[in-house]
Amino acid sequence: MNGPLGARILVIDDEPQIRKLLKVTLQAHQFELHECGDGEEGVIQASIVHPDLIILDLGLPGMSGMEVLRRIREWSQVPIIVLTAKDQEGDKIAALDAGADDYVTKPFGMGELVARIRVALRHVAKTTDEPILRFGSLTIDLAQRQVELEGALVKLTPTEYEMLKVLASNAGKIITQRQLLQQVWGGHHHESDSHYLRVYVGHLRKKLNEDPTNPRYIQTEPGIGYRFLLPAE
Amino acid sequence: MILSERIKKETQASHRKRVSAYVWVTLGVILLTLLLHAIGMSGDLVNVALVYLFPVLVSAVYWGMGPAIYAASFSVIMFDFFFVPPYLSFTVEDLRYLISFVVYLAVAILTASLAGRLRQQLEMVKAREATTNSLYALSRQMTAITDLNTLLVNIATQVSLTLGKPAAVYLPDGQGDLLVTSSPASTSEGEKDGWGDGESEIAIAKWVYHHGQIAGKGSSTLRESPGLYVPLRTEEQIHGVLAVSMNAGEVHEQQEQIRLLEACGGLAAGAIARVKLAEEARLAQITAESERIRTALLDSVSHELRTPLTAIIGSATGLLENDTLFTSEDRRELTGNIRDGALRMNRLVTNLLGMVRLESGMLQLNRKWCDVGDIISVVLTQVREFSPHRNIQVELPDEPAFIYGDEVLMEQVLVNIVSNAIKYSPDESLIVITVTSDKSSSQLTIRVADQGIGIPEAERIRIFDKFYRSESTQHVTGTGLGLAICKGIVEVHGGTIVAEANPGGGTRMRINIPMEAHGSRFPYSEQGEVED
């Protein structure tokens with residue numbers, strides 16, 4: 001694996017205009033582009049090309065984007081970013097829970113897409129588990145279960161710590177409410193328990209000295225989940 | 001009680017009464033004779049004759065002409081037999097007494113006929129009153145109904161109850177056929193239910209409908225048919241036909257019922273005309289409203305789409321065709337122009353789609369407990385991108401405020417409201433977002449106050465109408481959809497949204513949202529964890 005630079009990206013989208021846009025701009029960002037226009041071919045291409053990342057349109061004619069996602073996930077853990085239309089929160093959540101790594105809503109800005117691609121590729125590239133996560137003045141020591149903010153120890157309850165750990169070790173990636181519930185509470189959770197998440201996220205933000213109107217670390221993705229923000233580079 | 005049954009019973013009763021009247025008269029006159037004899041008034045013939053007028057008057061008033069004449073005749077016989085010499089004989093000694101008898105009979109008959117007529121009039125008035133009462137009841141019931149089908153069922157039922165016979169109403173269906181609304185099965189006589197939907201009945205009803213004349217039993221046309229059909233007519237047109245199934249009865253009774261049916265028909269026609277007019281007026285209003293909205297939609301959409309499209313196409317073609325002419329600065333400007341135009345079109349499309357989803361009822365609320373502070377932070381992240389020159393302050397309550405709503409839609413509402421505050425206020429001005437919760441009424445209030453141009457009081461309600469743009473803001477681009485969508489979303493959450501004057505100048509939007517769901521507040525329970 002050669003990191004973000006020069007990574008091989010497969011685009012599965014039926015709209016030639018979107019494919020052209022992605023091809024021109026992503027090649028300018030030094031990515032190697034492969035493209036195809038329908039789902040069935042996309043599944044085949046994914047096994048031939050061996051891409052480092054797949055950009056998949058959920059609204060494909062014929063074999064649906066969701067089906068393509070499931071087929072690929074049967075044998076590959078390649079990062080997949082799905083493209084969706086706005087106001088289809090249900091589709092986004094379904095795709096994320098079915099194994100998509102992130103989503104971008106159409107229409108999207110190029111900066112946003114490239115940032116998502118970088119995050120997704122970075123998570124794959126990371127081979128060794130770092131014992132200490134650093135985000136600006138925030139340090140999370142996974143071995144010691146200790147959180148420090150601006151040099152001072154932050155006291156967290158076990159649940160708060162687990163939540164922060166899940167979010168921070170997936171920094172930059174979206175975590176759906178269901179994924180978060182599952183990873184923090186294990187099997188003992190209910191879909192309707194999602195309001196507890198809000199309470200704990202509220203506590204966590206307070207302890208991390210977050211400005212409630214402009215959070216630095218934990219960003220809410222309305223209706224979908226949370227994203228731990230990477231510090232601006 | 002059903003009127004015709006009452007009439008029938010009354011006739012039967014009057015038969016019995018008449019027979020007993022003659023018995024009573026006979027008995028009374030005999031008793032009177034005995035009494036007069038006992039007190040020995042046989043000498044005073046004039047008084048005796050006067051006393052004999054009593055039974056005549058009484059029977060005239062109570063039983064009518066027949067018994068009165070009978071009483072007069074019987075009295076004369078008794079008078080002659082017992083009081084006129086020679087006593088206990090029908091022969092008359094003095095022939096002048098015959099004149100007395102004639103005069104007596106004449107007086108008796110005259111009095112009896114007068115009293116009898118009085119009685120008849122009384123009965124007629126009573127019958128009229130009963131008819132009037134039932135018609136009044138009918139009309140009162142009909143004026144309360146606004147739905148045509150309910151009205152037709154009601155007319156058929158009421159007419160059937162009033163006349164004691166199955167009834168049916170026929171109304172044209174727009175294709176030249178008549179639709180039947182039958183009265184429910186008549187309870188009193190156990191008739192087959194749904195009278196009136198047979199082919200022959202519909203054929204007669206059609207004839208009546210087209211000719212506007214009464215037909216059927218008891219009328220001059222088609223008198224051999226078992227039903228009676230009257231047209232439902234108002235001044236200008238015939239609305240339909242009212243029919244009842246008649247059974248064989250007296251001609252006199254039929255005339256009475258035709259009158260009653262015609263009166264019912266008049267009422268029904270009035271009621272049907274009223275409901276139809278109301279319906280037409282409503283349709284006309286809807287048509288006018290949708291016409292207005294269509295025009296506004298076309299104007300707004302064509303303008304709002306064309307302007308950014310012009311900018312995009314112009315900039316893009318310019319860049320493509322004259323690539324060498326432009327400096328890199330120019331090129332940046334033109335591509336920025338393209339981006340802005342596209343973003344503007346995106347907002348329009350989002351709003352149009354939102355409006356369509358709201359209007360078509362396709363909007364499904366995905367309600368969950370959501371933290372209002374959290375929503376506001378998401379909103380601010382969004383608006384900051386296009387409003388670097390505003391000072392936005394947020395005042396949140398100490399405890400997190402939760403509402404049971406659709407996070408994404410509430411975010412859309414607040415993005416619209418805050419964007420408006422930014423759009424209609426000057427650079428570097430202050431925008432204050434305040435969230436307060438009222439524990440007693442379980443209402444959460446979000447206020448967004450700006451220091452912009454403000455909204456004239458007269459327009460504060462209309463700005464929430466679709467495609468309404470304030471006169472004073474015509475120079476600012478917009479579709480007039482944003483606030484209409486906000487209002488729709490807030491209302492499906494059971495809340496309200498109003499525009500107020502900001503005390504320091506500008507506009508203040510106030511949104512009230514209930515904080516309860518299913519009668520309970522946010523289940524805010526700590527799990528009693530301790531920090532490590």
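## Exercises on helix packing and a chain contact

Helix α6 (residues 158-169) and helix α8 (residues 194-207) of chain A pack with their axes 10 Å apart, at an angle of about 85°. The model you are looking at is predicted, so treat each exercise as a reading of that model.

**Exercise 1.** Work out how α6(A) is oriented relative to α8(A), and which residues bring them together.

*Solution.*
Step 1. Start from the angle, which is about 85°.
Step 2. Angles from 65 to 115 degrees count as roughly perpendicular, and therefore α6(A) is roughly perpendicular to α8(A).
Step 3. Now look for the residues that touch. From α6(A) come Thr159(A), Glu160(A), Met163(A) and Leu164(A), and they meet Tyr200(A), His203(A) and Leu204(A) of α8(A).
Step 4. Sort the residues of this contact by class: 4 are nonpolar, 2 polar and 1 charged.

**Exercise 2.** Do the same for helices α2 and α3 of chain A, and give the handedness of their crossing.

*Solution.*
Step 1. Find α2 at residues 39-49 and α3 at residues 65-73 of chain A; their axes come within 9 Å and cross at roughly 20°.
Step 2. An angle under 35 degrees counts as roughly parallel, so α2(A) is roughly parallel to α3(A).
Step 3. The handedness of the crossing of α2(A) and α3(A) is right-handed.
Step 4. On the α2(A) side you will find Gly39(A), Gly42(A), Val43(A) and Ala46(A); on the α3(A) side, their partners are Gly65(A), Glu67(A), Val68(A), Arg71(A) and Ile72(A).
Step 5. The classes in the contact of α2(A) with α3(A) are 4 nonpolar, 3 polar and 2 charged residues.

**Exercise 3.** Describe the contact between chains A and B, paying attention to the side of chain B.

*Solution.*
Step 1. Count each side: chain B gives 27 residues and chain A gives 21.
Step 2. Ask which elements of chain B give two or more residues to the side that touches chain A. They are α9 (328-359), β6 (368-371), α10 (372-384) and α11 (407-423).
Step 3. Pick out the largest share of that side: α10(B), with 7 residues.
Step 4. Divide the side of chain B by class, and you get 14 nonpolar, 5 polar and 8 charged residues.

**Exercise 4.** Summarise chain A as a whole.

*Solution.*
Step 1. List the elements: chain A has 8 helices and 12 strands.
Step 2. Check burial: of the 233 residues in chain A, 35% are buried.
Step 3. Take the contacts in chain A with a separation of 6 or more; 58% of them join residues 24 or more positions apart.

Key. Residues numbered from 1 in each chain as written. Chains lettered and ligands numbered in written order. Predicted model: local features only at pLDDT ≥ 70, side-chain atom pairs only at ≥ 80, totals over all residues. Axes fitted to C-alpha atoms, helices over the stretch in contact; angles between N-to-C directions. Helix = DSSP H or I, 4+ residues; strand = E, 2+ residues; numbered from the N terminus. Parallel < 35°, antiparallel > 145°, perpendicular 65-115°, else oblique. Contact = placed C-beta atoms within 7 Å. Nonpolar A, V, L, I, M, F, W, Y, C, P; charged D, E, K, R; others polar. Left-handed = near helix turned anticlockwise from the far one by under 90°. Buried ≥ 20, exposed ≤ 12 C-beta atoms within 10 Å, placed from the backbone.
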